[in-house]
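Hi,

Here is the structure I said I would pass on. Have a look at it first, then read my notes below.

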Amino acid sequence: AHPLHFRRAADLWLSSIGLGTYLGDPTPRTDALYTAAIRQALAGGCNVLDAAINYRHQRSERVIGQVLTALVREGLLQREEIVVATKGGYIAFDGDVPPDPRAYVQETFIKTGLASADDIVEWNCIAPRYLENQIECSRRNLNLDCLDIYYLHNPEAQLQQCSRSEFSRRIEAAFTVLEAQVASGKIRRYGTATWNGYRQQPTARDVLFLPDLLEIAERVGGQEHHFKIVQLPYNLGMTEALTQKNQRVGREMISVLEAAHQFGITVMA
């Protein structure tokens, strides 16, 4: 491997390229293709695997879990060589879309008290009991005692319905749960995985401000909090993470990449 292929960030050694598991149909055929892709990626020196519980209705997490379990059993890798990131926040079905999605949500999440109808905004939910449930599901799907990185998945979706103050309250409640999950050894660190949040104009309704999120993390977890990483689009077609000056730090407006660098936050592109 190139000398800079593995880089240390967020107290982890990360390969310069990882494998995502978002795309594809929720079918056995796609499961088989992912099985082959994950094996090939790991054999080729990629040690970062990225998922979310709602990707292909939990199938992506389950395939990763099956492959990692098999490779460890075969003696081809050790658990600590692999960095597994997953996300919670979007309603996840179980293997496929149910006949009546709204009835499924009502029976699985609302009637059980994991979330209220008001907690769910555009199929996004970051309520405390819901997140606790989702972390347990992800640990089971991935067959891992501890998740290396756990992201709140597109929390900016909540701002389509919430005021900024209510959003801050919901984030604080979510971060409180995530710090407790770190303390119990179920996750190692957490962050936000976003699509639009960090790329918006500073006046946009659903813009995310990294300094505000860090302030909440410090309020919940102190100086040793575990909000350590953010994920966002950054590529030749989507350059806003560097070109959009939407983060106020002191008297200056800077980009989210500059702010993350200044605050010591790892960015996964």
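Helices H5 and H6 are oblique to each other (that word covers angles that are not under 35 degrees, over 145 or 65 to 115), because their axes cross at roughly 50°. Those axes come within 9 Å; they are lines fitted to C-alpha atoms over the stretch in contact, with angles running from 0 to 180 degrees between N-to-C directions.

Before going on: this is a predicted model, where local features need pLDDT of at least 70, side-chain atom pairs count only at pLDDT 80 or more, and totals for chains, interfaces and linings use all residues. Residues are numbered from 1 along each chain as its sequence is written, and side-chain values use heavy atoms, leaving out hydrogens and water.

Back to the helices (DSSP runs of H or I, at least four residues; strands are runs of E, at least two, and both are numbered from the N terminus). H5 is residues 164–183 and H6 is residues 210–221. Where they are in contact (heavy atoms within 4.5 Å), the H5 residues include Ile171 and Phe175, and those in H6 include Leu213 and Val220.

Now for strand S5, residues 83–88: six of its six residues are buried (under 20% relative accessible area, 1.4 Å probe, protein chains only). Val83, Ala85 and Lys87 sit on one side, with Val84, Thr86 and Gly88 on the other.

S5 also pairs (at least two DSSP bridges) in the parallel sense with S4, over three bridges, and Val83 is the bridge partner of Val48. Four bridges join S5 to S6, also parallel, with Lys87 partnered by Tyr151.

Cheers

Definitions and conventions:
Buried < 20%, exposed > 50% of the residue type's maximum accessible area, 1.4 Å probe, protein only.
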